[in-house]
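User: I would like to go through this model with you, beginning with how its chains meet. Could you take me through it?
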Amino acid sequence: MIGRLFDGVPARALILGAALLALAIAAPLFASDYMLTVLILIFYFAYVGQAWNIMMGFAGQLSLGHALYVGLGAYTAAALFVHFGIGPWIGLLVGVPIAVAAGAFIGFLAFRFRVGGVYFAILTIAVAEFARVGFDHLSWTAGSSGLFLPVKQYSGNDLWTLRGLPVMFYYLLLAATVAAFIACRALLKSRIGYFWLAIREDEEAARAAGIDTFRYKMIAVVISSGMTAFAGVVYAFYYNNLFPEQVFHISRSIEIILAPIVGGVGTLFGPVLGAFILTGLAETLTGALAAIGVDIPGAKQVFYGICLLFVILALPDGVWPWVARHLKLTERRE
Amino acid sequence: MSSLLTVDGISKRFRGLLAVDKLSFAVPEGQIYAVIGPNGAGKTTLFNMIAGVYAPDNGSITFNGERIDGLSPDKVCRRGVGRTFQIVRPFPALTVEDNVIVGALQHRHDVRDAQAHARDVLRRLDLFDKRGQRASALTLPDRKRLEVARALATDPKLLLLDEVMAGLRPTETDRMVSILKELNRETGITILLIEHVMRAVMALAARILVMHHGAPIAEGLPAEVVRDPAVIHSYLGAEDL
């Protein structure tokens, strides 16, 4: 099964992938503390971008409310930790089903009543906004004043309670990104993957070809929301504070979708490459501006805008398909 | 011969327009059966009712001994009815092979089995050499055959072909006719086709149903139907065939 997963991938692509992975594993040895925080952000966005890509890139369902699943995962695990001292991995077992339930609710409403395209996107925004306002008034999670996880100086890393140094979060998110990449590759090469692509391409034709489109769209939402909730748990324990206005805000949802769009919607490497381009370059820009003593608020957002404009105009399929073509990394079929 | 498909008194009304009016016919197993008639006669509506896109307002559709009227399109397909669309709808960004694999996966869970089956189908439809191309890059005749290939890959007992000859040049029409004939002869598949190209209809159909304003005006052997005065008046015109 694992062997078959890489059938048709050119050797040079495998070698390049392995080299990049080795580099990523070795990065904390030579990266500065600041660099490491940037890399953490990159892999965070690569991972959630991959999760979002399942819905949009594979099954063709545009979600503009993925902050909902991040937030539900984050708040559930954080609240269980703050109130009951329950660790994040147990919190994950509660947070993921909650996020999945929310995703399934949206999916059921939309797919049962044939809400598609932009109307589906609006529904996802609406539910995320509803959660934002709801959590603002939920006293159990401290409402709008924010939920804080207890922080103390750490001498070591405790993976079980996710209390530790940034390097631990780095490896955790790197592992999650690699796992998500492999899982998505496996899904895409499976029966489900073929059905998703068919639905993305032409839903009516997919139905005529025998695909229960409701079922496969629901599967996409469930997997995507569950995966995203994991990122939320990590987010909560990395930042140690949660505000509904931040976590559930639509700008968080937009941030999530930028990396896969820039990298290439529907491609496996697009979310990873997009995260490197956007977060990597944006942080470099911020750093460079700070170095010369210039502080322009919102420079990062402007930079995101320019990147998006460039990609939409010059590479509408995203950067990765272009890179893959030029480096001859595209898949062969026997 | 028992009938594989029995349409019994079905009607479909869209607002004020009666698109199909108490239509009945039966298609015996293994036969090629054609439905002809002028534009707006209700042929595609009839197809959409058989394929599950619309539920008929009245009447019943029985396929392989089971009622299928009112079932969703995917369920109808999985029971053994494959269809093509009048305006072709391949999955544009997928390769020709992947398009057909999607169909083949309906009754196969392993992608490799589906791929093997898809390739058999592609060979039959003369598309094997183009299997690596994106569907969006195909010419119309190729897309028409891809449409048939994808439907065929779902292992249907009954193939519904909605104007697969439309827009084809005569040589391409003949190629499609011979492919369909061979398919019917070798696999015994039942074919129900809507067609305007009389050259293809006469070459393929064992029986013809002529529709006009949603109702049948003639049904029978091709040679009888084309001599029927009502058919000549409403559809064929007085010209020689």
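**Chains, sheet and core**

Analyst: In this predicted model, 19 residues of chain A are in contact with 23 residues of chain B.

User: Which elements of chain A give two or more residues to the side that touches chain B?

Analyst: They are helix 8 (191-201) and helix 9 (203-208) of chain A. Helix 8 of chain A gives the most, with six residues.

User: And what is the make-up of that side by class?

Analyst: The side of chain A that touches chain B has eight nonpolar, eight charged and three polar residues.

User: Turning to helix 3 of chain B, how many of its residues are buried?

Analyst: Nine of the nine residues of helix 3 (residues 96-104) of chain B are buried, so this helix is largely enclosed by the rest of the structure. Among the buried residues are the charged residues B:Glu97 and B:Asp98, together with B:Asn99, B:Val100 and B:Ile101.

User: What covers them?

Analyst: The cover over the buried residues of helix 3 of chain B includes helix 4 (111-124) and helix 5 (140-153) of chain B, and also helix 8 of chain A. Helix 8 of chain A is thus named twice here: it also gives the most residues to the side of chain A that touches chain B.

User: How is chain B divided into domains?

Analyst: Chain B has domain 1 (3-80 + 156-236) and domain 2 (93-154). The C-alpha centres of these two domains of chain B lie 24 Å apart.

User: How many residues are in contact between the two domains of chain B?

Analyst: Eleven residues of domain 1 of chain B are in contact with twelve residues of domain 2 of chain B. On the domain 1 side, helix 2 (73-78), strand 7 and helix 6 (170-187) of chain B each supply at least two residues. Helix 6 of chain B gives the most to that side, with three residues. By class, the side of domain 1 that touches domain 2 divides into eight nonpolar, one polar and two charged residues.

User: Strand 7 came up there. What is the strand order of the six-stranded open sheet in chain B?

Analyst: The order is 6-7-8-3-9-10 (chain B), and the pairing is mixed. Strand 6 (81-83) and strand 10 (215-220) of chain B are the edge strands, each pairing on one side only. On average, neighbouring strands of this sheet are turned by 15° against each other, direction ignored.

User: Do strands 7 and 8 of chain B pair in the parallel or antiparallel sense, and over how many bridges?

Analyst: Strand 7 (residues 158-162) and strand 8 (residues 190-194) of chain B pair in the parallel sense, over five bridges. One of the bridge pairs joins B:Asp162 to B:Ile194 in strand 8 of chain B.

User: Which helix lies across this sheet?

Analyst: Helix 1 (residues 43-50) of chain B lies across strands 3, 6, 7, 8 and 9 of chain B, and runs at about 150° to strand 7 of chain B.

User: Last topic: how many residues has the largest nonpolar core?

Analyst: The largest nonpolar core has 172 residues, and those with the most contacts inside it include A:Tyr47, A:Val234 and B:Ala149. Helix 3 (residues 33-58) of chain A gives the most to this core, with 15 residues. The core also draws at least three residues from each of domain 1 and domain 2 of chain B.

User: What does A:Val234 touch?

Analyst: Leaving aside residues up to four places away in sequence, A:Val234 touches A:Phe169, A:Leu172 and A:Leu173. A:Leu173 is itself listed among the core residues with the most contacts.

Methods:
Residues numbered from 1 in each chain as written. Chains lettered and ligands numbered in written order. Predicted model: local features only at pLDDT ≥ 70, side-chain atom pairs only at ≥ 80, totals over all residues. Pairing = 2+ DSSP bridges. Helix = DSSP H or I, 4+ residues; strand = E, 2+ residues; numbered from the N terminus. Axes fitted to C-alpha atoms, helices over the stretch in contact; angles between N-to-C directions. Contact = placed C-beta atoms within 7 Å. Buried ≥ 20, exposed ≤ 12 C-beta atoms within 10 Å, placed from the backbone. Domains from an automatic or database assignment. Core = buried A, V, L, I, M, F, W, Y, C linked by C-beta atoms within 7 Å.
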